[in-house]
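Biologist: Before we discuss particulars, may I see the sequence together with the coordinates? I should then like to put some questions about strand order, helix packing and backbone geometry.

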Amino acid sequence: MDTKGRNMESIKIINRGEILKTLYNSGQMSRKRIAELIGLTSAAITVNVKEMIEEGLIIELGEVEDTKRAGRKEINIDINYNYKYVIGICIEQPDIIITLGKLNLNVVDVYKVPIKKGVGYKKIVKIIKDGVDIILNRNSIDKDYILGVGVGIIGEVDSALGVSKNSFGIIEKNISIKEELEKSLNMKVYVDNNVRTLALGEILSSKDNTNKESLLFIKYGFGVGSAIIIDNKIYSGYNSRAGEIGHTIVYPNGLECRCGKYGCLETISSMWAVGDKIQKIYSKDTTPILYDITYGDIKNINKDTVLMAYELKDNRVTEIVDEALYYFSVSLENYISLLDPSRIILYGSMFEKDLIIDKIKNIFIDKIKDYSVIEKLQRSQNNGHLEEIGPISIIVNRFISNGGYL
Ligand SMILES: [Zn+2]
């Protein structure tokens, strides 16, 4: 194809993408309204919409009254959200989560398989292949109706190549998950860092993405991760390492982290760090309330029992959790000072507790003395579900932005 031909092709993709984005964000509307919103000629809209209707990406809905010209009818169009299904895969501990979803990010079915550290990519590919077969079979969906597979994996990921560079011990280093899964599933696969997929899921599902915003998305759980969104686009960094808040050093000469460095935020503030510290001091005398809740069995220490003991003010548990939240807040403050985000979205089961959010706000007010952060802190609108929505949103986002192509 000559340069002119290529340019025509890319203009077509951009125009189709603008049409799909407008419908996705604002819902069904007439061709005329789309032309007004995106500033394209009616002729260009008509040609592109006709093509997408023929391909099954867009459907015509009922007639609506043209408000400006009485008596004249317009036909509304919308994205055909039943065009195809999407598969999402979240690879992190404790579970691999396989999700069957629709183009509007609705979750149809979820299948989970627990994994352990060091499981390796061959076993992971097998688990995913079997899981995808199970989820398609039990929903009677043919492979041809899958648009693509979005994968979120913990750690350093080169999203352009689909390579997991370092998953902190779940699989071997520098494995092309994209290539391995495409071979095994015979479907198109796109891969990114897990927290970045969660952030993308949050922005796409909020449909609040028409304003160009800069957000900080924080995931707090087994580890502490984040994603940076600038003007509604995920910023990955030169080496795809941007946003690793959990591996910023908060305590030089501190404990060794799973990344190999010493004194990372994760070594103090993550759930595993908190759990580890509590297990070391656990006894009837030092942690009496937790001891009661866990029936004196150390194996019953988990996120829920720790939070319960924290709520009931078990002194030593409170000290450890408060220290974790303090270092977390300090790291967050530094991050905010560098990036100046419009909002900070907090995601993770810890943040479902008002007590924890209130504690973080108090730290910002009493200790850090930064009051402006309080109004920017927000809970995710999808608490508990982004591991499902996030990976499918990689495919939905590509589909919409690339004018129906992946
Ligand atoms: Zn680290």
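Biologist: In what order do the strands of the open sheet of 5 strands run?

Modeller: The model is a predicted one. In this open sheet the pairing is mixed. Its edge strands, each pairing on one side only, are S14 (233–235) and S16 (377–379). The order of the 5 strands is S14-S13-S12-S15-S16.

Biologist: By what angle are neighbouring strands of this sheet turned against each other on average?

Modeller: The figure is an average over neighbouring strands, and direction is ignored. It comes to 30°.

Biologist: Do S12 and S15 run parallel or antiparallel, and which residue in S15 stands opposite Ile 218?

Modeller: Strand S12 covers residues 215–220 and strand S15 covers residues 343–347. The two are joined by 5 bridges and run parallel. The residue opposite Ile 218 is Leu 346.

Biologist: Which helix lies across S12, S13 and S15?

Modeller: The helix in question runs at about 160° to S12. Besides S12 and S15, it lies across S13, which spans 224–230. It is H11.

Biologist: How are H11 and H12 oriented to each other?

Modeller: Two packed helices are described by the angle between their axes and the distance between the axes. For H11 (residues 315–339) and H12 (residues 354–368), the axes come within 10 Å and cross at roughly 65°. The crossing is right-handed. Since angles of 65 to 115 degrees count as roughly perpendicular, H11 and H12 are therefore roughly perpendicular.

Biologist: How many nonpolar residues does the contact of H11 with H12 have?

Modeller: On the H11 side stand Asp 322, Leu 325, Tyr 326, Ser 329, Val 330 and Glu 333, which meet Lys 359, Ile 360, Ile 363, Phe 364 and Ile 368 of H12. Of these residues, 3 are charged and 1 is polar. The nonpolar residues number 7.

Biologist: Which term describes the orientation of H2 and H3 to each other?

Modeller: Helices H2 (residues 31–38) and H3 (residues 42–54) have axes 9 Å apart and pack at an angle of about 120°. Their crossing is right-handed. Because the ranges for parallel, perpendicular and antiparallel leave the rest as oblique, the orientation of H2 and H3 is oblique.

Biologist: Which residues of H3 make the contact with H2, and how do the residues of this contact divide by class?

Modeller: H2 contributes Arg 31, Lys 32, Ile 34 and Ala 35, whereas H3 contributes Ser 42, Ile 45, Thr 46 and Val 49. By class, the contact has 4 nonpolar, 2 polar and 2 charged residues.

Biologist: Which strands are at the edges of the open sheet of 3 strands?

Modeller: The order is S8-S9-S10, with antiparallel pairing. S8 pairs with S9 (residues 163–166) over 3 bridges, and Asp 158 stands opposite Val 163 in S9. The strands that pair on one side only are S8 (156–158) and S10 (175–176).

Biologist: Where is the residue found that has a positive phi although it is not a glycine?

Modeller: Most residues other than glycine have a negative phi. Asn 174, however, has a phi of about 55°. Its place is the loop between S9 and S10.

Biologist: Is the peptide bond from Gln 93 to Pro 94 cis or trans?

Modeller: Pro 94 belongs to the loop between S4 (85–91) and S5 (95–102). With omega near 5°, the bond from Gln 93 to Pro 94 is cis.

Notes: Residues are numbered from 1 along each chain as its sequence is written. This is a predicted model: local features need pLDDT of at least 70, side-chain atom pairs count only at pLDDT 80 or more; totals for chains, interfaces and linings use all residues. Two strands pair if DSSP finds at least two bridges between them. Helices (H or I, at least four residues) and strands (E, at least two) are DSSP runs, numbered from the N terminus. Axes are lines fitted to C-alpha atoms, for helices over the stretch in contact, and angles run from 0 to 180 degrees between N-to-C directions. Angles under 35 degrees count as roughly parallel, over 145 as roughly antiparallel, 65 to 115 as roughly perpendicular and the rest as oblique. A crossing is left-handed if the near helix is turned anticlockwise from the far one by less than a right angle, and right-handed if clockwise. Two residues are in contact if their C-beta atoms, placed from the backbone, lie within 7 Å. Ala, Val, Leu, Ile, Met, Phe, Trp, Tyr, Cys and Pro count as nonpolar, Asp, Glu, Lys and Arg as charged, and the others, Gly among them, as polar.
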